[in-house]
Amino acid sequence: MTIAATEPTPASGDPRPLFGAYGIVKRFGAFIANDRIDLEIRAGEIHALLGENGAGKSTLMKILYGLLEPTEGVVTHRGETVRLASPEAARRLGIGMVFQHFSLCENLTVAENIALVMGKGLGRRALADRIAALGRTYGLHLDLDRPVWSLSAGERQRIEIVRCLLQDPKLVILDEPTSVLTPGEAENLFAVLERLRDEGRALLYISHRLDEVRRLCARATILRGGRVVGACDPRTESAGSLAAMMVGEEVRALTRAAAPARSPLAGPERLRLDRLSLPAPGLHATGLRDISLGVRGGEIFGIAGIAGNGQSELFAALSGEARAPEDGAVCIDGTPAGRLDINARRRLGAAFVPEERNGHAAAPGLSLSENAVLSRYATASLTRFGLVRRAAARALAARVIEAFDVRKTGPDPAAGTLSGGNLQKFVVGREILAEPGVLVVDQPTWGVDAAAAARIRQALIDLAARGSAILVISQDLDELFAIAGSIAVLQAGTLSRAVPRAETSREAVGLLMGGHPVVPPGRIREGAAHAT
Amino acid sequence: MTLDMVQMILVTVLTAATPLIIAAIGELVVERAGVLNLGVEGMMICGAAVGFAAAIETGSTLLGALAGAGAGLGLAALFGLLTVGLAANQVASGLALTILGLGLSGLVGAPYVGLKRDPAPHLEIPVLSDLPGIGRLLFGQDAFVYAGLALTCAVSWFLWRTRGGLILRAIGDDHTATHALGLPVRQLRFLAVLFGGACAGLAGSYLSLAYTPFWAPAMTAGRGWIALALVVFASWRPARLVAGAILFGGATVLQLHAQAASIGLPGQALSALPYVATIVALVLLSLGRRQGGSLAPAALGRDFTPHR
Amino acid sequence: MRLDLVPRAGRSPLAAILAPALSFLAAVLLGGVAVALLGVSPTAAFAAYFIAPLSELWSLQEIALKAAPLALIATGLAFCYRANLWNIGAEGQFVVGGLAGGCVALATQGSAGFILWILPAMLVGGTLAGIAYAMIPAVLKVRLGVSEILTSLMLVYVAELLLDYMARGPLRDPAGYNFPQSVPFDAAARLPYLMEGETLHAGVLVAFASVVLATIVLGRTLFGFEVRVVGASPRAARFAGFSEARLTLAAFAVSGGAAGLAGIAEVAGKIGQLQPTISPGYGFTAIIVAFLGRLSPPGILVAALVIALTTIGGEGAQIDLRLPLDLTRAFQGLLLAFVLGADVLTRFKVRLVPGGAR
């Protein structure tokens, strides 16, 4: 399994890099995703590719895996120019990939998913033996006959890694590998990665998590706006200096300006969940168990957790897209609302921002003014006698665009033509301009550039300061620690006790996210964060 | 009822089921790849017309059958270009194919209306074909019947025992993931569509070359739609498909027999039986499906444009 | 080689009109080739198909009479298709509408006194019957998740057989020399003619008014917005508080009602009695019309006129040039295929790229 025997170790010094990419340009129409990028990856190193969303990491990665062909530039393998016309060509050269959004077929078994990428002429038994051997070597155990839909995120990633290692790759590309893992699972992953490095393989580690990069990687290439803006040894850098390179100076200033100006004044309780339980709505979903919480006016209540632990289900129960069995399970400003639909809850003064911008918070094919109608027609008098008041809708959209600095092309473009950050500003702004008494936001800044994220967080803080109760569901601990007054963790459909931000730590929350109840009992003051 | 009468009924049922089996097994492969082709009726009727015309012109049943399959394949290529190549709406394209096929079959078949030719020859094995009770059923059918059953076995083997079949099922389950792995999503879907078309055409040529055997406009009489229903009824599994086809074929035969025996029901009610049976089967299937996971290929009917 | 689809930034209105026009041209050219292969001069065929029907009053009326049910049914179908609901059983809803409305006419046959209510009652009865028949696939879909494509289609055959049975059996005119048809309707049960001594009847106005109404409903009302959102992004529709189940029922009701109304208008207008067959496939042709008109009511009106023109022209060509009627059908199928393909070209740039297909 090891390639150390046949390949020169990094120390033994083949001066040419294992893989090189030189002058890579990728254009999509007028948009330049990669602008003259140079990158060299050596055997036996874990090379970090750092950058924010939209910096061009994904495009570069797809080019290296043969999914995209560059507009200009060359890729070399040990100094020889190679053409990566397809993932198959890339795999033949020894390039393997572990996808962030797993490329697994849910209704196929683990074995079938692995067999998909193996060449012809490998029998089932032989494949099973090789998988078992790999499992022993790296501690990656798989149940081959289970359908993928029944597996956790960590198990799914194991399939991806095994599938990649079965091809004995010289270069492994990992795209945000820890984004869906618990801290414990991430530790296991790091052990595997270090072992692969020691075997003389090269790893390209794509992330925006600075701590991981500093722990694992000896070299880092930093991308911003499609260009290489720096290269360094992350072990000698601080998280702050890496972040500065990643986001650029101007944005950092804005981030600082948006730092928490929280008002801990305790207003009346405006949102309350009382022993909310809901069965899982589908095969792949999570049920909710006995969730209770209360959010006061002026408070931002954060719910941390790893995706897939019931966040979407909790959001649906709060918004009314899923109804609770009893009215009393959800109370909005004192009114039992558990069985009301989403518009009835909006009329009670609640507003909602779902996680997915495209297709949930907004219909990408409709114009911005029509998307203003989408969530506001019930509360913003945008209709008369069943007719849509188009002028009023355009005026509302214009107010949102103005207030949140939404950048767009054309007078009333389709929502789908906006960039992620701008569309997120639009959908958040659309709800905030309603001056809701209760605002529920799921992943407010997921996949959004730093400037837009700062603006959105500031808007949430300002809304709370005006007396609204805000519930933020987020996977981003930095975000929760920046804006939330108290934090609870959603894990496997149950909610932990909420603790004031000042009395907890990232480590404690991270352990809870992984299902470890670690906080010493003495540290939780009953009712301090008004959790029940 | 004597053993031979039972055999006679079973033979009729199997004959009625064969065009359904052949057309549906093709559509099953198409749907397993994630494509919904509603044009089965159009491809089938074209296969019937072209197959009959070719058989008359060449005097060969085999060439007729091949021509019929070719006609279905040609129409399917158009459908594949639209839906797989250009990501056009599958439902609308399938309906276009149905109407186009009906029109084309009328054009091709017009000079052959009223002509007759001998049905496709039946297998004759001395002794075996004359065995009482089972001889005619097992050893006395025409080549289409055996071809239909062989196709079913071959498709079953292909889907669950070969790498190509695995990739096909994977593509039907999640085209985005399989595309990311570099698997040939559109290529394989196009091939599946072509296979489905050839099967539908072959099924049509069975009608005009063996079942009736003559050409009449619109002679498929909705069998293409029944075949579509059958694929759902069989929950995308070849073995269940054969069972379903025999059930449906049985309903057709029952209707003919009941009409002959004049059991007091209006003929129209019996003619409606297969259609009502399809609806009932769909309802029953959905009732069963509610307890477990979805059996349908997850990507069925959804457009795919590679993200690049 | 492989085909690559590159999304276009925006869809130009010019392309939206040009695409169906060019598709039409391409289909006409290909039809011309087919006609030449059949041994007929393409110019003569073109004249027979597209010019002759426009040159006489009676054929112009025929075009309007054919276009009216097509436009009415297709407009209703546009609501379903916009919402991603695939009602392909409009033919059955048309037949049931005609049958139910016809039953009202037959039941009130020979009434004396105030009889002005009979015609409206027929129209309402036909519409309601169409709605009720469309509710079968709609309810099965909403309640049990049964594919509406298959159920709505199967119900077409059932409806046709029901009408066949009724016209030959219980509703047959006893004094009709055993012809399988009902007694002719009273004058009070017939749609009035628009011109003395001509064939054009008020059903054409009903269809036109429905298209205008549908344009407003689809483009300007909250219900029309709901239809568009549910079709384009079902999750966003739930977020907006639109109920998919309710909309499914509503869209099927609109399309079933439109088809039922078209059915009784055909029976009370052109036919004037019940027969074993009352539709030359209007319900299926309307599907072509709906897509040809790009699922917008004004476009549908134009498309209905074009299809009616080719159908009337086809009948003329059959008599004058001995061209088979199937040619018209093949032409219509080809036209739809081209329009669907061209529609993609307005959304994407198509590039041929060297390399393996993926």
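**A sheet in chain A and its contact with chain C**

Within strand 4 of chain A, Val74(A) is the bridge partner of Tyr22(A). The model is predicted, so local features need pLDDT of at least 70 and side-chain atom pairs count only at pLDDT 80 or more, while totals for chains, interfaces and linings use all residues. Residues are numbered from 1 along each chain as its sequence is written, and chains are lettered from A and ligands numbered from 1 in the order in which they are written.

**The sheet**
- Strand 1 (residues 19-28) and strand 4 (residues 72-77) of chain A run antiparallel and are joined by 5 bridges; two strands pair if DSSP finds at least two bridges between them.
- In chain A, 4 strands (DSSP runs of E, at least two residues, numbered from the N terminus) form an open antiparallel sheet in the order 2-1-4-5.
- Strand 2 (31-41) and strand 5 (80-82) of chain A are the edge strands, each pairing on one side only.

**The helix on the sheet**
- Helix 1 (residues 57-64) of chain A packs on the sheet and touches strand 1, strand 2 and strand 4 of chain A; a helix is a DSSP run of H or I with at least four residues.

**Where chain C meets chain A**
- In this interface, 17 residues of chain C are in contact with 26 residues of chain A, contact meaning that C-beta atoms, placed from the backbone, lie within 7 Å.
- On the side of chain C that touches chain A, helix 8 (222-232) and helix 9 (234-239) of chain C are the elements that give two or more residues.
- Helix 8 of chain C gives the most to that side, with 5 residues.

Definitions and conventions: Two residues are in contact if their C-beta atoms, placed from the backbone, lie within 7 Å. Axes are lines fitted to C-alpha atoms, for helices over the stretch in contact, and angles run from 0 to 180 degrees between N-to-C directions.
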